[in-house]
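Please walk through the structure below, beginning with the overall form of one chain and then turning to the nonpolar cores.

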Amino acid sequence: MGVDHRKAAVFGGALALRLLLLVLFPSLPDLLTGRVEVSTPVTSFKRLQEGLFLYTRNVSPYDGGVFHQAPLLLPLFSLLPNAQSFPLPTAVFYSLIDLVNANALATISDSGQAVSGRFYSALRKHIRWDGVSIAAWFLFNPFTVATCLGRSTGVFITTGILYSFSSAVTGNSLNAMLALGFASYLSIYPALLFIPLVLLCYDQRAQKAKAPSGVVSFALQHFAIFLICIAGLLGVSILLIGDFYTFISATYGFQLLVPDLTPNVGLWWYFFIEIFDSFREFFLGVFWLHLAAYMGGLTVRLRRQPLFVLTSLLGIFAIFKPYPSISDASLYFALLPLYRHLFPLMRYTFFAISALLYATLLGPAFYHLWIYAGSGNANFFYAITLVWSLGLSILLADTIFAALRDEWEHDNPELRGKEVRQV
Amino acid sequence: MATPAALPPLPFNPSRVRSYVLRLPLFTRLVLLAILVFWLLEFQTMWSVVQWGSVIPEEAGFGTMYRLNTYPFIHLGFFHALLNVLALTPLLERFEAEHGTLTAVALFIGPLSTLPAGIYILVEKFVLHRNTAVVGSSIWVFLLLGSEAIRTFKSNPYFSLGTTKIPTWTSPLFACALVSILVPNTSFLGHLSAILVGYLLGLGFLKIFVPPEKVLRWIEGKLNLLGRLPHYVSVDQKTYGRYGVLPTTTTGGERGTPMSFLGSSQRLGPTTTAVIRKLRNNPHFLFVHLPHILSFICIVAGVVWLLLLPLNDYSRQTYISENALLPGQVHAYFSGSEQHIFRGYKKELEDVLAGQTEDGQERRNDEFTPAVSDKIQSILKATGLKFATQNYEYTSSGITHQGQNVYSIIQAPRGDATEAIVLVAAWKTVDDELNLNGVTLALTLARYFKRWSLWSKDIIFLFPPDSKAGTQAWIDAYHDMQPAFVQPLPLKSGALQGGLVIEYPFDHRFESLHILHDGVNGQLPNLDLFNTAVSITGGQMGIGTNLQEMWDHDDSYEMRLETIMRGMVKQGFGYATGPHSSFMPYHIDAITLQTKGDGWQDEMALGRTVESLCRSLNNLLEHLHQSFFFYLLMQTNRFVSIGTYLPSAMLIAGNFTIMAITLWLRTGYYPGNQQSPQASKSTKEQAATATDKRDDKQSPAQPDANNIIERQLALPLTLVVGLHLLGLIPLYIFNNISHKYYPTATYTSILANLILPLLLAAILSHGLNPKPQQYLLIKSFSLLILGLFLSTLATLNFSLSFMIGLLCAPLSFVNRINPHTNSCLLRYILATLGLALLNVLSPSVVLLAACKYFGVDVETVLTQAAFGWDVWGVWTQVVVWCVWWPAWVSGCALVGFSLFSS
C-alpha cells in the first residue's frame, strides 16, 4: 500500500500543479496554445476549436483549411464546455489524460521489460527507478506540463502509444494493436512502430507460456487486427464527416504532403520553404523515407530489446517528424528513464542536456526577435531548432551507444569495463 | 632522381602523418610556432608586423639588422604561410635530424637567414636600384632545396630527357622559375639568392659557420639539454656526421625508406606530445586550475573586447541603408508666416496657463488641466482636424498616475489610412519641465501639414500630459492591448511607421538637438531613423546633434567609450528614457528630439527639421528594416554593430558555462583531493564488502566500468531550482509594496542576503551532510543556469547581460573551502572574507552603491522601477531576482558551507 500512497501523492501533486498554474496565470494556456513549440498545425488546440465551431454548426470542419485533425476528436470535445469561457473542464480533462499516460508509463516500468526481456537481460538491471518515479518524472517534466496546459491534441497520440506499449509488455497483444491503431488513426507516423511492437508482443507471448505458431503468422494476425481497428475508426469518421475524400486529404494528406510550413521545432519547415517547388515531391519522398528507414535497421540490430527500439524510434520521430513539437520530445523523455541502467554508460548527457536547455531558452528568445521585435529573421529560429535537434540526436545516439555497449558487455563478460575502440 | 623525389613522399596514411608531426624535432617546431605566432600577430592592427620585420633594402642599416633574422618567420597571409610551412617542414625537419638541433639553430638563426638577405639587398639596392621588401620562409625552402640538389647531384648527376642530359643541380632553378610564374608576388631574386646560398651550403663552403663539435658537446653536456628539452636532437644522435661531410652512397644506402630517419629521433616522446601527456598526468591541473584560468581569460577578454570597440578599426561610420528615406533631399517650407501662427497659439496657451494661476494658486500652475486640454482641442478643431481624447489611470507603488491624452489625425490625401507617422509633444518633458514651445510647435505643424497634399501616410499628433505614462496608455490602446483602467481609442489610423517626439522646454533659442533613442528593455529603434535625424539636423539644417548627454564630444577614445558606457547603462536598466520608448515594444521606431543649450536656432528651425524628417518617413515604402536594430553608438556618426560587440557579453556568459561543464566533468572523472579522507576510506570499505558483486556503482563515489563516478543530483538540483523559484518572492515584494517602504525593504533584503546563505549552509550541512561532490554539482548547476540565461539575454539586451555577467564574475571562482587541506582558522578567515566580498556584490548592495554614486534616492529608483514593471513592462527586475540573485545566493552558500563543515 505504501507504493499506492506514493503514487496517489505524485498523481495528486501533478494534478494540483496543473490546476494551480491555471489559476495563478489564467493567460498561460492561451499563451502556450499560441506557441509554435507547443502547437503544430496538426495538434493545435486553436485549430481544433475552429473545427469544433464549424462542426457544431453542421458545416464540414475541414472547410476553410484550418483544421487538420482526426474527426473523432470533434464529438469528444463537443461534450466539453467551451474552453474560452470555461477553461477549467478542459484543463482538468487534459490533466487527467496526462495522469492516464503516467499510469501507462508506470505499468511499463513495473513490468521490468526494459531491463530484461525474452532474449536479453541487462547487466546493470539493479539500477532502475520504480514506476512511480518514472511517472513523476513524466508528470513534472516542464515540457509535459507545457503540452498539457497548451492543450495540444498530441497528448492523445501519446496516450495511444503508451497504452500500446503497456498492453504489449503485460502480454495483452490485442489491446496493444488497438491502441496503436488509435494512435495511427490520429496521426500516421505511429504506424511505423508496428513491427517492433509486434516483436515485443511475440516475445512476451513466447516468454509467458506456449510459443505461438510462428512469428510471421503472428505478425500477420496482428497486422489484420491493426488494420481492422484503423478501418473501424475510419468508418466511424466517414459516418461523422460524410465526404471521405475531403477528410482524407485534409488530415492524412496534410500530414504526408506537409503543405503548412508554419515554423516548428523540427527540421522540415525551413527546408521546404527554401526548396524549389519542382523538387518538392522528391524531397518529400526522401524525408519520409529517411524517417521510416530507421525502423528496419534498429529493429534488426536491437532485436533482443524491442522496447528499446520503440523508445529510440520515438526519439527519432521527435527529431525528424514533419510537425514535431515539444510533446513528442516529452514522450521520448518520459520513456528514457526506463533505461536508467544505461545512464552510467552514456557519455554526453551533460552536453546534450545543456544543448537542449540552451535551445529551450534561446528558441523563444529568437522567435521573439524574429516575429515581434522584427530585429531578427527566420534563420535565428531555425538555427535554434537545429541546436534542439542536435541535442536530441546526441541524446539518442548516446543511449543507443549505451544499449549496444551493454549488449556487448553482456556477450563479452571478460571485457567488461575495458576501453574498446570501434574500428 | 629529381630533387623533389629526394624528399619524403607525401605520407597519405593519417597515422603516419600524425606520428610524423608528433616527432618533429625541436627547432622545426619552434620555427613553425614562430611562423604561427607572427601570422596571428598580423591580425591585430595596431602594429604592422610585416612593416616591422620584413627585409626592406632602403632601410638596411645597423638599427634594422634584426630584420635579417625576422623576415623568414613573417608571412603576408594565410596561404603564404601555409604553403611555405608545408614546403619547409619536411626540409627543415630533415636538416635538423641530420645535423642536430644546436647546429640548426646556429645556422638558421645566423648565416642561413642573413646571407641570402644580404645578397638580396646588395643586388636589389645597388644593382637594380629598387626597393622591394621581402618576407617569408620560402628563402629557407629554396636554400634547403639548393643544398639537397647538390647532394643529389653528387650521387645522381643527370637526368635525361630524351637525349639531353640535364644536371640535377639545376632543379631548384626550375622550381624557382615555375613558382615565379605561377604564384603572384613572389620575389624571383630573393629565391635565387637563397638557392645560391643553398649551393654554397651543399658544396661545404659554409662549414666555417658551423660551431665546432667540441663546443656543441660542451654546451649540451653543461646545460643537460638532452634531458631538459623535449624533441631535442643531440649532437651524437644526428643521422650523419659533421656538417660538410656530405652523404656518400653508403650512407645513402641506409636511407632505404624515405622516412627511416624518423628512427633517429626514437628518444623523443613515444607517441603523444609532451603537453598532452603532462595534462593527462596532472588531472588536478586539468580539472581544477585550467578551467579557472580559462574562465578568467574569458572574462578579461570580454572586458578588453568592449574596450577595443571605440577604436576606428572596430567601429563603423553610420550610413543610410534605406534608399527610400532620402534624408534632407527636400526643401522644408516651414517658415515665415507660420511663425505668426506659432506665436498666436503660444499666446493662447499662455493665457490659459495665466488663467489657471489667477484661480488662486500662488505659483505658476503648469499642470495639464482640462482647460489646457480643451484649448488644444479647440485649436485642433479650428484647424479642421479630427481629434479625440483618452483617459487613463495607472497605480504603481501606491501612487496614482492619471491624465488625458489628446490626439488628432491628419488623413493622408494620397494614402489609404493603412500607415501612419506619430508626432508626440508631451505637456511635460522627460525632466518634468513645461514643454510649452514643443506643444505649440506641434499644433502649428498640425495646421501646416494639413495644407500639404503630398502625405501618403496619416500623421497623428499626440499630446500626452506627461512623458511617462501618457504615451504608453495611448500606444497600448492603439493596439487594443490596454489594461482595464485605460480607455480604448475612439479614433485610429493604420500601422505606425515611425514616431517623433518634440521637446522644447524653454523660451530662449537653442543651440543643438539632443537625440534620445533608447527604448524599454534595451530595445533600440532602427539605426536608419537615427541616422536620418542626424543627417537632417546636421546636414540640412546645420544644427549640431548630441547623444547620451555628451555635450562636448571631441571624438576622442575616452569620449567615445563614455558615450558607449552611458548608452549601455541606459540599455541595461531598460527603463523608458522618453515618450518614444513606449513605441519600441510594438516594433515602431521612434526617437525624441530635445533642444539644448543657448544658441541662435529658433522654433522654426526645429519645425523645419521635423518637417524634413516627416517627409523622409513619408517616403518609406515599407517598415524600417534595412539597417541595424542592435548597435552601440559612440558618436552621432559612429557605431558598432552586434556582430562586433556581442562576443564580449558571450565571452563573459561563456565563462560560467565553461566552469559548469568542467565542474560536471570533475565530479564524474576526477575525485582528486576533493574527496575527503573519510569518504575515500568508506568507499574502500564498501568496495571491500562488494568486491565480487557488480553493484559497486551504486555506491556513490565508486568508479564504474568507465571510471565514471555516479553523481547524486537530487540535492543540487532541488537547491538550485528552489532558489530560482524563491527569487519570485523578492520580485513580488519589490514591485507591489507602497513606495514609502522601499528603503526599509532594501535594508531588509541586505540583511536577508547576509543571513539566508549562512542559514542554508548550516541547515544543509547539518541536516543532509552533503558530499564534496555535491558542492561542486551545486556550483555547476547554478553556473550552468546563469550562463544559459546570460547568453540568451545577450541576444535580447546585451548591456544587461554584460553588466550582470561582470557582477557575477566572482561566482565562477568561489568554492567551498576544503576542510581537509586548510587549517581551521585559515578556513574561517578565508570564508568570512569571501562572504564579505560577495555581500558587497549582492544585488541590494549594488543597488545602494549605484544610487549613492549617481546621487539619487533609493526610493525614487525603486518607485521608478516598479512603475516600469507595472506600466512599461520592464523585465530588468526579473533578471535581477530570478537569475542574478539565485546564482549569488548559491555562491554565498558554497562559501558558507566552509564555515559549517565538520
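The paragraphs that follow treat chain A as a whole and then the packing of nonpolar residues.

The model is a predicted one, and its chain A has a secondary structure made up of 18 helices and zero strands. Along the principal axes, the C-alpha trace of chain A extends over about 65 × 55 × 50 Å. For a chain of 423 residues, a compact globule would be expected to have a radius of gyration near 22 Å, and the 21 Å found for chain A agrees with that expectation. Of those 423 residues, 45% count as buried. When the contacts in chain A with a separation of 6 or more are considered, 73% of them are accounted for by residues 24 or more positions apart.

In soluble globular proteins, nonpolar side chains tend to be buried together. The largest nonpolar core of this model has 272 residues, and those with the most contacts inside it are L423(B), A442(B) and I502(B). The element that gives the most to this core is helix 34 of chain B, residues 876-900, which supplies 16 residues. At least three residues of the core come from each of domain 2 (323-636) and domain 3 (707-900) of chain B.

Which residues does L423(B) touch, not counting residues up to four places away in sequence? Its partners are A442(B), L445(B), I459(B), I460(B), F461(B), L500(B), I502(B) and V610(B). Apart from the largest core lies another, of 48 residues, which includes I35(B), I74(B), F142(B) and A194(B).

How values were computed:
Residues are numbered from 1 along each chain as its sequence is written. Chains are lettered from A and ligands numbered from 1 in the order in which they are written. This is a predicted model: local features need pLDDT of at least 70, side-chain atom pairs count only at pLDDT 80 or more; totals for chains, interfaces and linings use all residues. Helices (H or I, at least four residues) and strands (E, at least two) are DSSP runs, numbered from the N terminus. The radius of gyration is taken over C-alpha atoms; the globule rule is 2.2 Å times the number of residues to the power 0.38. A residue is buried if 20 or more other C-beta atoms lie within 10 Å of its own, exposed if 12 or fewer, and partly exposed in between; C-beta atoms are placed from the backbone. Two residues are in contact if their C-beta atoms, placed from the backbone, lie within 7 Å. A nonpolar core is a set of buried Ala, Val, Leu, Ile, Met, Phe, Trp, Tyr and Cys residues joined through C-beta atoms within 7 Å. Domain bounds come from an automatic or database domain assignment.
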